[in-house]
Amino acid sequence: MHLLNLGILAHVDAGKTSLTERLLHSVGVIDEIGSVDAGSTQTDTLALERRRGITIKSAVVSFAVDDVTVNLIDTPGHPDFIAEVERVLGVLDGAVLVVSAVEGVQAQTRVLMRTLERLRIPTLVFVNKIDRRGARCDDVPRAVAERLTPAIVPMGTVDRPGTRAARFLPGIGPYDVLADHDDDLLSAWVEGRVDADLLHRALVARTGQALVHPVYFGSAVTGAGVPELITGIKELLPGADGDPEGPVSGTVFKVERGPAGEKIAYARLFSGTLGVRDRIPLGEARTEGRVTAISVFDGGTETRRDAVPAGRIAKLWGLTGTRVGDALGEPRKAHGRFFAPPSLETVVVPGPDTDARSLHLALTRLAEQDPLIDLRHDEVRQETSVSLYGEVQKEVVQATLAEEFGLDVTFRETTPLCIERPAGTGAAAEFVKKGDNPFLATVGLRVDPAPVGSGVSFRLEVELGAMPYAFFKAVEDSVRETLGQGLDGWQVTDCTVTMTHCGYCPRQSHAHQGFDKSMSSTGADFRGLTPLVLVEALRRAGTRVHEPMHRFRVEAPADTLGALLPVLAALRAVPRAAETRGDRCVLEGAVPAARVHGLEQRLPGLTRGEGELESGFDHYAPVSHGTVPRRPRSDHNPLNRKEYLLNVTRRVGG
């Protein structure tokens, strides 16, 4: 049996979920096509998804086409849920990118296509809604070639576009792009001996290598073009590979909770065979988990199995410690993050009848399902912050807490997630039993700026054998934890921290008695002293707050440019390039992340509803306007030595 793990991707409202329903109906999995508007689709199972008519969580359904079993994954289209798409991409064998024949290529379409090409995922393009009034079936392929990729091969034409009678007429051509990527086809073309078999072989080979992308046309509503798309999925996209006899290797791409609160992991197995009762190492910590049950997707239903082989997607029970993104068994080579992390943050405010502990537990469970919803708990103020991609995601978190957990919450104003970078070099040291150092430890640290994007590195300028390794480890762990909150409360990054001094009191005991803590260093001494030394070194180095900047691309009628530019300036957007294409203008530049939502709201009114905005995180820039933003601390505040020492035990046992 040939296996294919297929992703359906698109800009929001391009008809992705409707296409999924049509595919399932066409292959006989469902008898009646569900409606997004009516909330009756197979893959939008959350009540919130059905009410809002958008996909929030990825969903897996299975169907068979002759001897091919397809695990189809429906993904969110809204940019606020890009993390869901990110996780799915790592488990795909192929993809269908849906483009609306009415709206054409949109902002998210470009983001998705760039990522699919970078990861070399074989992709078919499906131009949907050919039956809708305003369908531009001739213009959309040109836009795909100009704005997505020139490597497209039209698989046919459209008859009577923009009407309910619109239909897809199969027929490859022109195929000059395909010939550019296939020497045999090019030679045959020059010699005039191209036949259908040669053309098909070239198309299968180059599509499978992600060098070309076949383009189909159709309608998820009427079913036009869908049989041809199904044939393309079966014949042109490569199947799952992997050795079922090899070492177990897989990836967790989704985590959910069952009816009894049990954790369920969705995983793709790339190698080996995983069975019930097998023990398997998980994630970076390589903690061991035991599989208690397995379910695979088959023929539109879930089926319990004793084992899952390489190539399959399965639901796994029993892995209580797993998180999204964890490697199962032998880790694979990581692709790295496909999309930028969230650049916004908000404080969750519990309602009058909402229990703080219940809220914390609920948010922790949401973070299990989406690790990019980073939680930050402030013990002093008893506040929890969550990181976000946008305002829609905030609304979804609020609704999820209400519907799934019965918790009433509101949010404070969304703020950008800034970072701090060292402005120079600074060093500090404290010595055991000298001055007012209450810890049995000597720690000296130097902070130096490092190249942008390098993160944090820890080095030693002292001999590794100068004291027990556990004490060095305690210092390094404390350094990394302390850098989570710099002089202005933001994470400090792009720096090198060097340990310049060290010292400890060896294990002591009174004669004929046991260990005496008052005379002997422990790891807790180093964990207690390191934050004080590090923030003093940071003070001397100085830090500068940088705010997240998004790149933007606005396409709008040329006659609206005069109205756009002053608004962009007021939002502190900096246009870097402007181009006029006929009656349209294109502006590209950078805008603070905090102002993107404002631009989204104002653009329709400024452009008569014809403006298109594409934006995404680009870089961090020094804050140059207004008051430097500060973030309240959520630790024991080593910036205030007296307060810190009051909160940390003077003689810490370890």
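This briefing walks through selected helices, strands, cores and aromatic contacts of the structure above. Please keep in mind that the model is predicted. Its largest nonpolar core takes in 79 residues, and eight aromatic pairs are found in the structure.

**Two helices**

- Helix H4 covers residues 107-118, and its 12 residues reach 17 Å from first C-alpha to last, close to the 16 Å expected.
- H4 is mostly covered, with nine of its 12 residues buried; among them are Arg110, Val111, Leu112 and Met113.
- The buried part of H4 also includes Gln108, Thr109 and Thr115.
- After H4 comes Arg120, which has a positive phi near 55°.
- Helix H11 runs over residues 391-405, and the 21 Å between its end C-alpha atoms agrees with the span that 15 residues should have at 1.5 Å a residue.
- In H11 the buried residues include Val392, Val396, Val397 and Leu401, along with Gln393 and Lys394.
- A general point helps when reading such lists: an α-helix has 3.6 residues a turn, so residues three or four places apart point the same way.
- Gly406, just after H11, takes a positive phi of about 65°.

**Nonpolar cores**

- Within the largest core, the residues touching the most other members are Leu6, Leu19, Val96, Leu178 and Ile233.
- Leu178 is a good one to click on: beyond its neighbours within four places in sequence, its contacts are Val153, Leu185, Leu199, Ala202, Leu203, Arg206 and Val212.
- Apart from the largest core lies another one, of 30 residues, including Phe439, Phe472, Cys495 and Val533.
- In soluble globular proteins, nonpolar side chains tend to be buried together.

**Aromatic rings around Tyr266**

- Phe253 and Tyr266 form an edge-to-face pair, because their planes stand at 65°, with the ring centres 6.2 Å apart.
- This pair ties together parts 13 residues apart in sequence, since Phe253 sits in strand E10 (residues 249-257) and Tyr266 in strand E11 (residues 263-271).
- Phe253 is buried at a relative accessible area of 1%, and Tyr266 is buried at 6%.
- Tyr266 also pairs with Phe297; here the centres are 6.1 Å apart and the planes at 25°, so the rings are stacked.
- Because Phe297 belongs to strand E15 (residues 293-298) and Tyr266 to E11, this second pair ties together parts 31 residues apart in sequence.
- Tyr266 and Phe297 are both buried.

**Other ring contacts**

- One aromatic cluster is made up of Phe168, Tyr216 and Phe217.
- Arg304 lies over the face of Trp317, 4.3 Å from the ring centre.
- Lys434 is placed over the face of Phe431, at 5.6 Å from the ring centre.

**Two strand residues to look at**

- Ala307 belongs to strand E17 (residues 307-309), and its relative accessibility of 32% makes it partly exposed.
- Ala307 and Leu274 are 33 residues apart in sequence, yet their C-alpha atoms are 5.4 Å apart in space.
- Besides Leu274, Ala307 touches Thr273, Gly275 and Ile294, leaving out residues up to four places away in sequence.
- Arg421 is found in strand E25 (residues 419-422); its relative accessible area is 12%, so Arg421 counts as buried.
- Not counting neighbours within four places in sequence, Arg421 is in contact with Val452, Thr493, Asp494, Gly542, Thr543, Arg544, His546 and Tyr620.

Technical notes:
Residues numbered from 1 in each chain as written. Predicted model: local features only at pLDDT ≥ 70, side-chain atom pairs only at ≥ 80, totals over all residues. Heavy atoms only, no water. Helix = DSSP H or I, 4+ residues; strand = E, 2+ residues; numbered from the N terminus. Buried < 20%, exposed > 50% of the residue type's maximum accessible area, 1.4 Å probe, protein only. Contact = heavy atoms within 4.5 Å. Expected span 1.5 Å × (residues − 1). Core = buried A, V, L, I, M, F, W, Y, C linked by side-chain atoms within 4.5 Å. Phe/Tyr/Trp six-rings, centres within 6.5 Å; stacked < 30°, edge-to-face > 60°. Lys NZ or Arg CZ within 6 Å of the ring centre and 35° of its normal.
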